[in-house]
Amino acid sequence: GNLDRTLTVAEWGSPPPWLMQGFPGQVRQISWSMPTTDSGSPLIAAACAEGITVWERSQKSTAGWQSRVLQHHRDRVNGIAFQPHTLTLASAGQDGRIALWRNGRQLDQSQKVFGAGVSCLLWSPDGTRLLAGGNAGEVGLWRLSRRGQGFS
């Protein structure tokens, strides 16, 4: 991430780098997906202001990276993380909500968890639990539902 509201992705031994630009403010956090998409590249998510920009490398090598903006939070997004071994993205915001995004594209679940805002989140290494910290010192732990549909 650069101070001029851009991100640069450089592939080792394959210049030139790809410059991602157009962010409305400071990029607060970046997350890579662990599995790759059909293009053979991971998804890259960047939290900026109230939105999340998800970049995906086009299958056409000349098209570069394509972006889409995920909007749901009503205040600054403080944390993002891809669930290990999936393309599910979790986001946490100053609005006190945690959201789950299916395939880094579609809102799957959203829940207000802390009144003073969510400051950070982290998946367990096996991807079955999500840990979040609140701005007022709270800590929450959620388990993936046995039915595979959200958290309990």
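In which sense do strands S8 and S9 pair, and over how many bridges? In this predicted model, S8 and S9 are antiparallel partners, with 4 bridges between them. One point on this pairing is alanine 90, which stands opposite leucine 100 in S9. The hairpin that S8 and S9 make has 3 residues between the strands, and in it glycine 96 takes a positive phi near 85°.

Strand S8 also pairs with strand S7, which covers residues 77–82. These two strands run antiparallel as well, and 5 bridges join them. Here valine 77 is found opposite glycine 93 of S8. The hairpin of S7 and S8 has 6 residues between the strands, and histidine 85 in this hairpin has a positive phi near 70°.

How many of the residues of S8 are buried? Strand S8 consists of residues 89–93, and 5 of the 5 are buried, so the strand is largely enclosed by the rest of the structure. To read this strand face by face, a general point helps. Side chains in a regular strand alternate between the two faces of the sheet. In S8, one side carries Leu89, Ser91 and Gly93, while the other carries Ala90 and Ala92. The residues on both of these sides are all buried, and both faces of the strand are therefore covered.

The next topic is the charged side chains. The structure holds 3 salt bridges. In one of them, the side chains of glutamate 56 and arginine 68 meet, at 3.5 Å from N to O. Glutamate 56 belongs to strand S5 (residues 51–57) and arginine 68 to strand S6 (residues 65–71), so this pair ties together parts that are 12 residues apart in sequence.

Glutamate 56 has a further partner in arginine 105, and the closest N and O atoms of that salt bridge are 3.0 Å apart. This pair links distant parts of the chain, 49 residues apart: glutamate 56 is in strand S5, whereas arginine 105 is in the loop between strand S9 (97–102) and strand S10 (106–112). The two partners also differ in accessibility class. Glutamate 56 is buried, with a relative accessibility of 16%, and arginine 105 is partly exposed at 47%.

Another salt bridge is formed by arginine 102 and aspartate 108, whose closest N and O atoms are 2.5 Å apart. Arginine 102 is partly exposed, with 39% relative accessibility. Aspartate 108 is likewise partly exposed, at 37%. Shared partners among the salt bridges join Glu56, Arg68 and Arg105 into one network.

The cysteines remain. How many disulfides does the structure hold? The number is 0. Cysteine 48 is in no disulfide, and the nearest cysteine sulfur, which belongs to cysteine 120, is 19 Å away. Cysteine 120 is likewise in no disulfide, its nearest cysteine sulfur being that of cysteine 48, 19 Å away. A disulfide is a covalent bond between the sulfur atoms of two cysteines. The cut-off used for such a pair is a separation within 2.5 Å, so two sulfur atoms that do not meet this limit are not counted as a disulfide.

Are these two cysteines buried or partly exposed? Cysteine 48 counts as buried because its relative accessibility is 5%. Cysteine 120, with a relative accessible area of 41%, is partly exposed.

Note on methods. Residues are numbered from 1 along each chain as its sequence is written. This is a predicted model: local features need pLDDT of at least 70, side-chain atom pairs count only at pLDDT 80 or more; totals for chains, interfaces and linings use all residues. Side-chain values use heavy atoms; hydrogens and water are left out. Buried means under 20% relative accessible area, exposed over 50%, partly exposed in between (1.4 Å probe, protein chains only). A salt bridge is a side-chain nitrogen of Lys or Arg within 4 Å of a carboxyl oxygen of Asp or Glu. Two strands pair if DSSP finds at least two bridges between them.
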